[in-house]
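Work through these exercises with the model open. Each task is followed by its solution in steps.

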Amino acid sequence: MKIRHAVALSVVAVLAFAGCDKVKKLNPFAKKATTPAPALATPAPAPKVAAATPPPAPAEPTPAPKPTIDKTAQVVVLCYHRLEGKAGGIYSIEPALFEKHMQELKDKGIAVISMQDFIAWRKGEKNIPPKSALVTIDDGYTCSLQVGAPILKKFGYPATFFVYLDFINKGGKSMSWAQLGELRDQGFEIGSHSVMHQNLNAGKPSKAKFATKDEWLADEIVHSKQLIEEQLGIRVSAFAYPFGNNNPKARELVQQAGYELAFTTYGQRVGHDASPLTIGRYDVTAKGPGGADGYTMAVGFQGPAAASGPVASQEAGAIMVTEPMNGATISDPKPTLRANLAGLGALDPGSVEVRVSGFGLVPANFDPASKVMSYAFQQPLRPGAVTVIVSGKAAGQKVETRWTFKYDPNAKDADGSVPTELPPRK
Ligand SMILES: [Zn+2]
């Protein structure tokens, strides 16, 4: 099953790139037609001994040599929402801070690459600098176009805007299709961020007009891609899960829909082999367990990577990336806990224990290969603060780390972006 999906995905990819090649190869011909040939003032003498020294073969359009791919390069994916208002607001940063972030990437020698460069690198078709970053801006606020785009252009940075259908053409601070067309025309990439911007791990929303949850998920993932492609005449390569939440059915639909990549909000450096279905992004406004914000953690290129060796254990507290993020407020009563424990050192897999306030010891999974601990709550959380304590043994020593988040059933900005940022409901 998995293999078949992978094959289908790469066939789509090959076709897409074949298309690109065609365009590239055609362009030189177009140029030749319009550029007058240089005047032949001194015609070259005809070769006299053609038979002895065959003329060099005509320069055929030889395929470009395969580039050397740096598979040790790493990519951090920055996730922004609103570029307006006060820094430190929920999912919003001041325009000046956004510009400072962009400048800092330059100063630190971090290359901002496009979504297509990222995809090409992973396929071995294009190299990228050792430290690269993707800039993504979610939800579709007008400030994306009015504030984000000019700053990005000033630095010559590509970026991807993830939009969800229910927030397009809604007036107020939502972008219209025409405005999305402007972003497209400026060379930016548009990705899908679903239809309704709901937690894909929760039940089917009552207002969704579908008989089953799977049908609803297909609408969120497959139909959103088709509609954006139709409206803007583009190919949508990437999906961003609302709130980063995903599940096996959602990931399967991402593959079926023909996306090349899908993004979470589980910030970690991305290596060459990271799963295309769960590419982590750093929410720049979220705070990590050590108090550092997502941007600082990302550009530090420290902490767990999707494919990296163990990190010194004393760093664990500061760099462990968790889901929900430390300090976050969520509205999902049954979230899935995740933490990359690479920072705790070479953990004995059997020693990992996870405790949750109000629950005690929970039967969490620990995958020794990825170092990721996960646990999906079966019982709903009680409203209030939730502390997660992870412990284990590494090299015979007990190691422990913890983080806290809050469950608020009425939270309107729960771990994502939306409801309060929608225009007033009518
Ligand atoms: Zn969002």
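**Exercise 1. Give the strand order of the five-stranded open sheet, and find its edges.**

Solution. This is a predicted model.
- Step 1: read the order as E12-E19-E18-E14-E15. The sheet is open, and its pairing is mixed.
- Step 2: look for strands that pair on one side only. These are E12 (329-330) and E15 (360-362), the edge strands.
- Step 3: check one pair. E14 (residues 353-356) meets E15 in the antiparallel sense, over three bridges. Within that pair, valine 356 stands opposite glycine 360 of E15.

**Exercise 2. Determine which strands pair with E5, and in what sense.**

Solution.
- Step 1: take E1. E1 and E5 run parallel, joined by seven bridges. For the register, cysteine 79 stands opposite threonine 136 in E5.
- Step 2: take E4 (residues 111-112). E4 pairs with E5 over two bridges, again in the parallel sense. Here alanine 111 faces serine 132 of E5.
- Step 3: assess the cover of E5 (residues 131-139). Eight of its nine residues are buried.

**Exercise 3. Identify the best-connected members of the largest nonpolar core, then trace the contacts of alanine 262.**

Solution.
- Step 1: the core has 70 residues. Val77, Leu78, Ala133, Leu134, Val135, Ala262 and Tyr282 touch the most other members.
- Step 2: ask which strand gives the most. Strand E1 (residues 74-80) does, with six residues.
- Step 3: set aside neighbours of alanine 262 within four places in sequence. Its contacts are then Ala238, Phe239, Tyr241, Arg251, Val254, Leu277, Thr278 and Ile279.
- Step 4: separate the other core. Apart from the largest core lies one of 24 residues, including Met325, Ile330, Leu347 and Val372.
- Step 5: go back to Arg251 and Val254. Both are buried in helix H7 (residues 248-257), as are Ala250, Leu253 and Gln255. Just after H7, glycine 258 has a positive phi of about 95°.

**Exercise 4. Classify the packing of H4 against H5.**

Solution.
- Step 1: choose the descriptors. Two packed helices are described by the angle and the distance between their axes.
- Step 2: take the values. The axes of H4 (residues 142-155) and H5 (residues 177-185) come within 9 Å and cross at roughly 30°.
- Step 3: apply the cut-off. Angles under 35 degrees count as roughly parallel. H4 and H5 are therefore roughly parallel to each other.
- Step 4: add the hand. The crossing of H4 and H5 is left-handed.
- Step 5: list the contact residues. H4 supplies Thr142, Leu145 and Ala149, while H5 supplies Gln179, Glu182 and Leu183.

Methods: Residues numbered from 1 in each chain as written. Predicted model: local features only at pLDDT ≥ 70, side-chain atom pairs only at ≥ 80, totals over all residues. Buried ≥ 20, exposed ≤ 12 C-beta atoms within 10 Å, placed from the backbone. Helix = DSSP H or I, 4+ residues; strand = E, 2+ residues; numbered from the N terminus. Pairing = 2+ DSSP bridges. Core = buried A, V, L, I, M, F, W, Y, C linked by C-beta atoms within 7 Å. Contact = placed C-beta atoms within 7 Å. Axes fitted to C-alpha atoms, helices over the stretch in contact; angles between N-to-C directions. Parallel < 35°, antiparallel > 145°, perpendicular 65-115°, else oblique. Left-handed = near helix turned anticlockwise from the far one by under 90°.
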